[in-house]
Amino acid sequence: MRFKTLTPSNSSEALEILKNNQGAMIPVAGGTNILVDLHRAKIKPEALVDLSRLNEWKEISLHQEVLEIGSLVTHADLTNAPCLKGPYAALSAAAGMVGGPQIRNRGTLAGNLQSASPAADTVTPLMALGAVLSLVSVKGEREVEADEFFTGPGKTVKQRDELISKVRIKANPAARSVFYKIGKRNAMAISLINLAAV
Ligand SMILES: Cc1cc2nc3c(=O)[nH]c(=O)nc-3n(C[C@H](O)[C@H](O)[C@H](O)COP(=O)(O)OP(=O)(O)OC[C@H]3O[C@@H](n4cnc5c(N)ncnc54)[C@H](O)[C@@H]3O)c2cc1C
């Protein structure tokens with residue numbers, strides 16, 4: 001299979017590339033799902049848009065009012081972030097149970113969300129925490145609540161010219177949260193069921 005790889009150096013460039021996308025251009029973050037889809041010929045892109053240089057979407061910051069997570073943070077980043085304790089522990093715990101170390105080092109929050117797998121581990125805590133996703137395109141930004149983002153397995157409200165830029169969670173320092181995952185084995189397991197409570 002032949003396809004181009006485009007490597008924008010910032011989010012404006014990436015959105016400009018995707019401006020008239022009819023589906024032939026596919027954004028790639030960590031590539032952990034995309035590679036599998038390419039191997040299975042489930043997708044046949046004309047171009048992959050590599051988001052790995054969009055450093056502005058790789059930060060996690062906790063202000064008084066809001067926790068803001070860049071969409072391109074990896075599961076390893078989420079697991080190790082000192083500010084993801086107490087109220088946000090469910091998200092950190094979920095990220096820590098995704099795949100194995102290789103997957104956690106490459107796989108991103110945006111990729112986990114946009115894959116819209118019913119077994120995705122970060123989705124449950126984000127819904128429980130009332131997270132809001134920012135979707136951006138050259139036309140601007142819109143916000144979608146995590147529980148309104150998914151329309152079915154593998155399907156979301158994101159349009160082809162849009163990217164997920166960040167996730168926001170209203171800070172609630174007094175809250176506590178937990179995550180449980182049940183799979184067929186203790187490690188490298190796809191969730192059969194998972195639960196997050198705040
Ligand atoms: C061996 C293995 C084990 C796994 N185990 C688990 C597990 O235990 N739990 C779990 O939840 N998942 C698991 N996964 C699935 C996967 O690794 C995760 O969902 C990961 O978070 C995907 O992120 P990524 O950055 O690699 O996505 P990619 O493969 O880069 O992209 C996935 C999708 O997201 C889109 N996308 C990427 N970035 C953006 C963006 N910024 N805006 C809009 N769309 C975007 C892509 O176009 C694509 O449609 C596993 C995968 C493998 C191969």
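This is a short walk through the model above, from its ligand to a pocket and then to a few single residues. Keep in mind as you look around that the model is predicted.

Let's start with the ligand. A shell of 33 residues surrounds it, and the closest of them are Pro-27, Gly-30, Thr-32, His-75 and Thr-108. Two of these names come back when you look at polar atoms. His-75 places a polar side-chain atom 2.7 Å from an oxygen atom of the ligand. Thr-108 has an N or O atom in its side chain that is also 2.7 Å from a ligand oxygen. Gly-31 joins in with its backbone: one of its backbone N or O atoms sits 2.8 Å from an oxygen atom of the ligand. How much of the ligand does the protein cover? On its own, the ligand has 990 Å² of accessible area, and the protein covers 87% of that.

Now, where along the chain do the shell residues come from? Strand E2 (25-28), helix H2 (32-39), helix H6 (109-115) and strand E10 (163-170) each give at least two residues to the shell. Helix H6 supplies the largest share, with five residues. If you sort the shell by class, you get 17 nonpolar residues, 13 polar ones and three charged ones.

Next, let's move on to the second largest pocket. It holds about 150 Å³ of space. There are 15 residues lining this pocket, and those closest to its centre are Ser-117, Pro-118, Ala-119, Ala-120 and Val-123. Helix H7 (123-128), strand E8 (150-152) and strand E12 (193-197) each bring at least two residues to the lining. Which of the elements gives the largest share of this lining? That would be H7, with three residues. Sorted by class, the lining has 10 nonpolar residues, five polar ones and no charged ones.

With the ligand and the pocket done, let's pick out some single residues. Arg-2 lies in the segment before strand E1 (4-6). Is Arg-2 buried or exposed? Its relative accessible area is 81%, and over 50% counts as exposed, so Arg-2 is exposed. For a sense of distance, try Arg-2 and Asp-77: they are 75 residues apart along the chain, and their C-alpha atoms are separated by 33 Å.

Asn-33 makes a good second stop. You'll find Asn-33 in helix H2, one of the elements that supply at least two residues of the shell around the ligand. Asn-33 has a relative accessibility of 40%, so it counts as partly exposed. Now look for Ile-103, which is 70 residues from Asn-33 along the chain; the C-alpha atoms of this pair are separated by 9.7 Å.

Finally, check out two backbone angles. Ala-41 is not a glycine, yet it has a positive phi of about 55°. You'll spot Ala-41 in the loop between H2 and strand E3 (47-50). With a relative accessible area of 39%, Ala-41 is partly exposed. Met-188, another residue other than glycine, has a positive phi too, near 50°. Met-188 is found in the loop between strand E11 (178-182) and E12, and E12 is one of the elements that help line the second largest pocket. Met-188 has a relative accessible area of 46%, which means that this residue is partly exposed.

Conventions: Residues numbered from 1 in each chain as written. Predicted model: local features only at pLDDT ≥ 70, side-chain atom pairs only at ≥ 80, totals over all residues. Heavy atoms only, no water. Near = heavy atom within 4 Å. Polar contact = N/O pair within 3.5 Å; in protein donor to acceptor, adjacent residues only side chain to side chain. Areas by Shrake-Rupley, 256 points an atom, 1.4 Å probe, with all protein chains shown as cover. Helix = DSSP H or I, 4+ residues; strand = E, 2+ residues; numbered from the N terminus. Nonpolar A, V, L, I, M, F, W, Y, C, P; charged D, E, K, R; others polar. 1 Å grid on protein atoms, 1.4 Å probe; cavity = no way out; pocket = protein on both sides within 12 Å on 5 of 7 lines; lining within 4 Å. Points joined across faces, edges and corners; volume = space filled by probe spheres on them. Buried < 20%, exposed > 50% of the residue type's maximum accessible area, 1.4 Å probe, protein only.
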